[in-house]
Amino acid sequence: MVSPALPVDVPPQPWTGRFDGDGDEHRRWWQAVTPYAPGTVPAGVPAARPAVILGFGSDAGVRRNKGRTGAAAAPAAIRAALGPLAFHLTRPVHDAGDVTVAGDALEAGQARAGLAITSLLDAGGLPVVLGGGHETAFASYLGVAGSAAVREGLSVGVLNLDAHFDLRDEPVPSSGTPFLQMARAEAAAGRELRYAVVGISEPNNTRTLFRTADELGVDYLLDEDCSADAAHAFVAAFLAQVDAVYLTIDLDVLPASVAPGVSAPAAFGVPLPVISAVCRQVAASGKLLHLDIAELNPEFDIDGRTAKVAARLVNTLLG
């Protein structure tokens, strides 16, 4: 049973994968994940926070942003890619089901997802949100901003692995606006958004977007400058400024050869080993409060490459 406090639209579905036998020595993700229910997250063990997967089935924001739609099907594709992976984690993993966006009802879907995320955080879980377009990020923000961690004064930074700033100033919110929405919401709450981006593609962000980033004090590292050492130093400097981190991964930060199944495939991109190393660095910091992964579009995914990369990154972050 899913907790009635979580406003999900689709309850957890059975996971599938290869069967090699029973017991921990044969265990795979599909055998390890259990449905989320009240009380499945024990209190008082922050170092061993159970992970709770929540799907956000939306591409309404991508459609508004004039991108290639199809990301609404991503949560199921990522779960399918995770299912057969060998399970080496020491933390439990639960599945809370999906919040889905019907038609163009994006804001209502983000609000429901935000409530679910707040509930999971306040119960002591580590929410792992599977988007969805990058409008997923504002749903995540709503959940984090409403959580006890923020209410009690924890300084939370937003680290985005992305080719784009997503700081568009548009009359209607979309997958291109979430971080400007966050900045404005933080200002209204009397706080300042701490926002950093790894992987910015200069040719794919206008001068207006760079100016907005500068005005907001956004730290960023260009894709062409993302050596392993540079990325490590950049992330370390950002981690030192905050108490906790909300990590959001837009899969279009990766080269198109690695992640073809996205709305906007990257001509250059950041190498997968660099992105994986950043994920390990954030996980090892002990500051990871919440994470999401966005922009997988299964319709354009060659051989399931992008879904497999998404699954690998989730596995890395929880390991």
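Which residues are linked with Arg-18 in a network of salt bridges? In this predicted model, the network joins Arg-18, Asp-20 and Arg-28. Asp-20 takes part in both of the contacts described here: its side chain meets that of Arg-18 with an N to O distance of 2.6 Å, and it meets that of Arg-28 at 2.5 Å, again N to O. The three members differ in how much of their surface is open. Arg-18 has a relative accessibility of 54% and is therefore classed as exposed, while Asp-20, at 31%, is partly exposed. Arg-28 has a value of 16%, and because buried means under 20%, this arginine falls in the buried class.

The structure holds 12 salt bridges, and another one of them pairs Glu-107 with Arg-64, whose closest N and O atoms are 2.9 Å apart. This pair connects distant parts of the chain, since Glu-107 belongs to helix H4 (residues 106-122) and Arg-64 to helix H2 (residues 60-64), with the two positions 43 residues apart in the numbering. Glu-107 is partly exposed at 37% relative accessibility. Arg-64 has 19%, and so it counts as buried, the limit being under 20%.

Attention can now turn to the strands, beginning with E5. Six of the six residues of E5 are buried, so the strand is largely enclosed by the rest of the structure. Val-156, Val-158 and Asn-160 point to one side of E5, and Gly-157, Leu-159 and Leu-161 point to the other. In a regular strand, side chains alternate between the two faces of the sheet. Strand E8 (residues 244-250) is mostly covered too, with seven of its seven residues buried. Here Ala-244, Tyr-246, Thr-248 and Asp-250 face one way, whereas Val-245, Leu-247 and Ile-249 face the other.

How are these strands joined to their partners? E5 (residues 156-161) and E8 run parallel and are joined by six bridges. Leu-161 has Ile-249 as its bridge partner in E8, and Asn-160 stands opposite Thr-248 of that strand. E5 also pairs in the parallel sense with strand E6 (residues 195-200), over four bridges. Asn-160 appears in this pairing as well, standing opposite Val-197 in E6. Together, E5, H7 and E6 make a right-handed β-α-β unit.

E8 has a further parallel partner in strand E9 (residues 288-294), to which six bridges join it. Within this pairing, Leu-247 stands opposite Leu-291. Between E8 and E9 the chain passes through helix H10 (residues 272-284), and the resulting β-α-β crossover is right-handed.

Aromatic side chains add another set of contacts, with the count coming to eight aromatic pairs. In one of them, the ring centres of Phe-165 and Phe-210 are 5.1 Å apart and the planes lie at 85°, so the arrangement is edge-to-face. Phe-165 sits in the loop between E5 and helix H7 (178-188) and Phe-210 in helix H8, so this pair ties together parts that are 45 residues apart in sequence. Both phenylalanines are buried. Elsewhere, Trp-15, Trp-29 and Phe-87 form one aromatic cluster.

Phe-165 is also among the contacts of Val-218, a residue of the loop between helix H8 (207-215) and E7. Val-218 counts as buried because its relative accessibility is 8%. Setting aside neighbours within four places in sequence, Val-218 touches Phe-165, Leu-167, Tyr-195, Val-197 and Ala-213. Its C-alpha atom is separated by 7.3 Å from that of Arg-194, a residue 24 residues away along the chain.

A last position of interest is Asp-223, in the loop between strand E7 (219-222) and helix H9 (228-239). Which side chain of opposite charge is nearest to Asp-223? That side chain is Arg-168, 15 Å away, and Asp-223 is buried yet has no salt bridge. Beyond its neighbours within four places in sequence, Asp-223 is in contact with Gly-199, Ile-200, Ser-201, Phe-268, Gly-269 and Val-270.

How values were computed
Residues numbered from 1 in each chain as written. Predicted model: local features only at pLDDT ≥ 70, side-chain atom pairs only at ≥ 80, totals over all residues. Heavy atoms only, no water. Buried < 20%, exposed > 50% of the residue type's maximum accessible area, 1.4 Å probe, protein only. Lys, Arg positive; Asp, Glu negative; His and termini not counted. Salt bridge = Lys/Arg side-chain N within 4 Å of Asp/Glu carboxyl O. Contact = heavy atoms within 4.5 Å. Pairing = 2+ DSSP bridges. Right-handed = clockwise from strand over helix to strand, strands pointing away. Phe/Tyr/Trp six-rings, centres within 6.5 Å; stacked < 30°, edge-to-face > 60°.
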